[in-house]
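Here are my notes on the model, point by point. They cover the pockets and cavities, the core and the cysteines.

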Amino acid sequence: MTQAEAPRRSIARRVHEIDAVRGFALAGILVANIGFFADPGYAVGGGTMPITDGPVAFLVSTLVLTKFYILFSFLFGYSFTLQTRDGTHVKARMLRRCLGLFVIGVLHGILLWVGDILTLYAALGLILLAVRNVPPRKAVVAGCVIIGAMSVIWLLLAGLSLLDPSGTATAAVDPAAAARAEALVTGGPLSFLTFQVETYPALAGLVWIGQGPMAMALFLFGLAAGRARLFEEPERWAHLVPRIQWVGFGVGLPAAVFFAWMSHFEGALQLVALAVNDVTSVLLTAAYVVTVLRMLKRFPAVVGVLSPAGRVAASNYVGQSVLCCLIFTGYGLGLAGKLPPVAVMGVAVVIYGVLLAVSAWWLRGHRYGPIEYVLRRVTRWSAAP
């Protein structure tokens with residue numbers, strides 16, 4: 001092997017580790033989303049998973065909600081730097097890619113999953129494209145400012161709620177609306193599509209408003225990490241790993257418990273929890289990442305298990321929705337509202353395992369996943385091999 005080939009081999013290996021982290025993130029995305037398929041009342045109730053649903057919902061709220069979409073956002077920003085490093089026709093290629101991602105997201109949102117995030121990523125990707133040359137330090141500062149501003153807004157709203165409790169009270173879920181949602185979702189394909197068309201616009205707006213700022217901040221963090229080749233040169237930051245874990249788990253985990261518990265209440269306490277969570281969820285997610293990377297280093301075989309799904313992450317994301325629809329909606333078995341939370345988590349484990357196996361099988365004969373192939377063709381404006 002020549003000296004020129006050695007760095008390429010090393011970088012390729014480390015990209016596989018990034019893919020493995022993305023494959024791990026897919027598990028969290030599935031666990032976070034499957035509750036909305038299993039009980040459509042969450043969607044008409046403002047997209048929350050109340051603590052009153054028991055210990056499973058509490059654990060999901062603590063360990064998963066808001067943690068994995070920001071991990072995915074970080075990896076999106078990192079991957080953006082990988083896709084633009086060759087410097088050829090970057091603007092035109094990425095504009096086409098964002099357009100393709102947006103169209104796929106709209107179809108995904110209307111046909112399968114009302115909580116789709118691809119349209120948001122496509123829109124924020126245009127901002128990322130505009131600031132792609134910002135120095136890493138400035139990107140980190142900008143991301144911190146966004147997160148800080150969001151926390152301040154939540155705290156201000158908490159203060160206002162103390163002055164006027166009626167102004168920020170959360171409306172209770174209408175049992176009739178929840179029952180109608182479940183009937184539509186399980187009533188058959190056309191009935192489910194009716195629910196999707198009715199619900200998607202409002203939910204898309206909530207996703208953009210509720211997740212957009214944090215996603216943009218993590219895009220910027222990912223951009224900075226990619227520019228600094230953080231994952232490709234891990235020896236540069238290996239000495240920080242124990243500190244990241246201590247701070248991430250020591251601060252982030254108690255804050256996540258506080259966030260999950262306060263989601264049961266209305267008014268100032270819930271808003272304060274959101275302010276705290278915006279900051280501490282980043283710390284906990286960072287601890288997740290470095291812990292997974294340490295595990296991958298100790299057990300290299302896990303890279304081979306997770307990385308195929310990470311390589312075709314967009315196809316897996318849509319694939320999760322397809323399988324959830326076949327199990328819970330009128331497209332298939334119509335089991336929404338019929339399974340207890342533990343059983344729903346069991347379904348999530350099965351879906352995740354199936355998609356890991358399918359991803360590995362698919363990549364034995366294909367270089368890209370189905371969604372990735374479409375995006376690559378739109379991006380390059382040519383057929384991918």
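1. The lining of the second largest pocket holds 24 nonpolar, three polar and three charged residues. For these classes, Ala, Val, Leu, Ile, Met, Phe, Trp, Tyr, Cys and Pro count as nonpolar, Asp, Glu, Lys and Arg as charged, and the others, Gly among them, as polar. The volume of this pocket is about 830 Å³. Of its 30 lining residues, Phe 74, Phe 221, Leu 230, Ile 244 and Ala 286 are the closest to its centre.

2. A word on the source. This is a predicted model, where local features need pLDDT of at least 70 and side-chain atom pairs count only at pLDDT 80 or more, while totals for chains, interfaces and linings use all residues. Numbering runs from 1 along each chain as its sequence is written, and side-chain values use heavy atoms, with hydrogens and water left out.

3. Terms for the spaces. The search uses a 1 Å grid over the protein atoms alone. A cavity is a set of points where a 1.4 Å probe fits but cannot get out. A pocket is an open set with protein on both sides within 12 Å along at least five of seven lines. Lining residues have an atom within 4 Å of a point. Points are joined across faces, edges and corners, and a volume is the space filled by probe spheres set on the points.

4. Which helices build the second largest pocket? H4 (68-83), H7 (136-163), H10, H11 (241-262) and H12 (268-298) each supply at least two lining residues. H12 gives the most, with seven. Helices here are DSSP runs (H or I, at least four residues), numbered from the N terminus.

5. There are two cavities of 30 Å³ or more. The largest holds about 90 Å³ of space. Its lining includes Phe 36, Phe 37, Trp 113, Phe 192, Phe 195 and Thr 329. H1 (5-38) and H10 (189-227) are the elements that give two or more residues. H10 gives the most, with three. By class, this lining has 10 nonpolar, two polar and no charged residues.

6. The second largest cavity holds about 40 Å³. Leu 30, Asn 33, Phe 37, Trp 113, Tyr 317, Gln 320, Ser 321 and Cys 324 line it. H1 and H14 (313-328) each supply at least two of these residues. H14 has the largest share, four residues. The classes are five nonpolar, three polar and no charged.

7. The largest nonpolar core has 98 residues. Such a core is a set of buried Ala, Val, Leu, Ile, Met, Phe, Trp, Tyr and Cys residues joined through side-chain atoms within 4.5 Å. Ile 34, Leu 218, Phe 231, Leu 296, Phe 328 and Ile 351 touch the most other members. H10 gives the most to this core, with 17 residues. Leaving out residues up to four places away in sequence, Ile 34 touches Cys 324, Phe 328, Val 344, Met 345, Val 347, Ala 348 and Ile 351. Contact means heavy atoms within 4.5 Å.

8. How many disulfides does the structure hold? Zero. A disulfide needs a pair of cysteine sulfur atoms within 2.5 Å. The closest cysteine sulfur to that of Cys 324 is in Cys 325, and at 7.2 Å it is too far for a bond. Cys 324 is buried at 2% relative accessibility, and Cys 325 is buried at 0%. Buried means under 20% relative accessible area (1.4 Å probe, protein chains only), with exposed over 50% and partly exposed in between.
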